[in-house]
Amino acid sequence: MTADLFVVEDLTVTLPTGRGPVDVVKNVSFTVGRDDTLGIVGESGSGKSMTALAVLGLLPRGAETSGSIRLEGKELLGRSERELQSIRGNAISMVFQDPLSSLNPYYTVGLQIEEMYRAHRGGSRRDARKVAIEALERVHIPDAGRRIDHYPHQFSGGQRQRIMIAMALCCSPSLLIADEPTTALDVTVQAQILELMAELQSTTGTGMIFITHDLAVISSIAKRVLVMCAGDPVEYGTAEQVFSDPHHDYTRTLLDAVPRIDDEVAS
Ligand SMILES: Nc1ncnc2c1ncn2[C@@H]1O[C@H](COP(=O)(O)OP(=O)(O)OP(=O)(O)O)[C@@H](O)[C@H]1O
Ligand SMILES: [Mg+2]
């Protein structure tokens, strides 16, 4: 039996606000196995990003957390900033919504991937450059050996998101968290990125958490689904269970709001 790669138990996140402390994530529990994709879905403000940021130890100042977050059996809650820094980008990596604001416009993409790699793995510039070219090839950037010396603005939106994924995967993380990675992209490019992530998962075995407000995206990529509503976990199960037999009114409402892609294709 293989133990779950990643286990979150009873995670509660409390943020200070002008009106006193507010629980923005309430007793959330889920697991992600190797080769597994968990989709976290819910409307804006439901606590999806706060859940991800808690995992990475990147919550806003003054936030309090309780519960347990374990990667390969090791507790992450309560670790020092220094320890978390060595985990972020290494064992756990994250892809954010907007690649343009996550990439530095003044440095070539190659340099940014190399720095990320060397920060965790050390080694020579030359080795890091090799890793960076391979990483760009893995996400299907054509002519990677030449493109590595280009700046972010010289790539399309979809390519920039591919570059962010390459960067997130360059240290071979056990867990990849993608927070709305396709929201800023048009539908065709979005589909290509989802396909790429599924392909990378099948070759690397990386566990994935995929956060979105879009149930159609979740149904195409996630094996299991957690539905959040105002910080509460309202539904958790296999994608099949949650989509075919939702137990909670909130999930039914979300499902009703999804345009039926199969209907459109059929017509
Ligand atoms: N810095 C902060 N201080 C206080 N409250 C915050 C802060 N950032 C977010 N919140 C609140 O925490 C709650 C959860 O926010 P979160 O960003 O996790 O939502 P989300 O589900 O990711 O939404 P979206 O789909 O819009 O990204 C919201 O009610 C939000 O207003
Ligand atoms: Mg969010």
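Which backbone N or O atom lies 3.1 Å from an oxygen atom of ligand 1? That one belongs to S46. Keep in mind as we go that this is a predicted model.

Let's stay with the ligand for a bit. Another backbone contact comes from M50, where an N or O atom sits 2.9 Å from an oxygen atom of ligand 1. S44 joins in with its side chain instead: a polar atom there is 2.6 Å from a ligand oxygen. As for overall cover, ligand 1 on its own has 640 Å² of accessible area, and the protein covers 61% of that.

Now step back to the whole shell. Going along the chain, the residues around ligand 1 start with L15 and V24, run through E43, S44, G45, S46, G47, K48, S49 and M50, and finish with P60 and E180. Sort them by character and you get five polar, four nonpolar and three charged residues. If you're wondering which element gives the most to this shell, look at helix 1, residues 48–56, which puts in three residues.

Next, take a look at helix 7, which spans residues 157–169. From the first C-alpha to the last, its 13 residues reach 19 Å, close to the 18 Å you'd expect at 1.5 Å a residue. How much of helix 7 is buried? Most of it: 11 of the 13 residues are, so to speak, under cover. The buried set holds G158, then everything listed from R160 onwards: Q161, R162, I163, M164, I165, A166, M167, A168 and L169, with R160 itself included.

Note on methods:
Residues numbered from 1 in each chain as written. Chains lettered and ligands numbered in written order. Predicted model: local features only at pLDDT ≥ 70, side-chain atom pairs only at ≥ 80, totals over all residues. Heavy atoms only, no water. Near = heavy atom within 4 Å. Polar contact = N/O pair within 3.5 Å; in protein donor to acceptor, adjacent residues only side chain to side chain. Areas by Shrake-Rupley, 256 points an atom, 1.4 Å probe, with all protein chains shown as cover. Helix = DSSP H or I, 4+ residues; strand = E, 2+ residues; numbered from the N terminus. Nonpolar A, V, L, I, M, F, W, Y, C, P; charged D, E, K, R; others polar. Expected span 1.5 Å × (residues − 1). Buried < 20%, exposed > 50% of the residue type's maximum accessible area, 1.4 Å probe, protein only.
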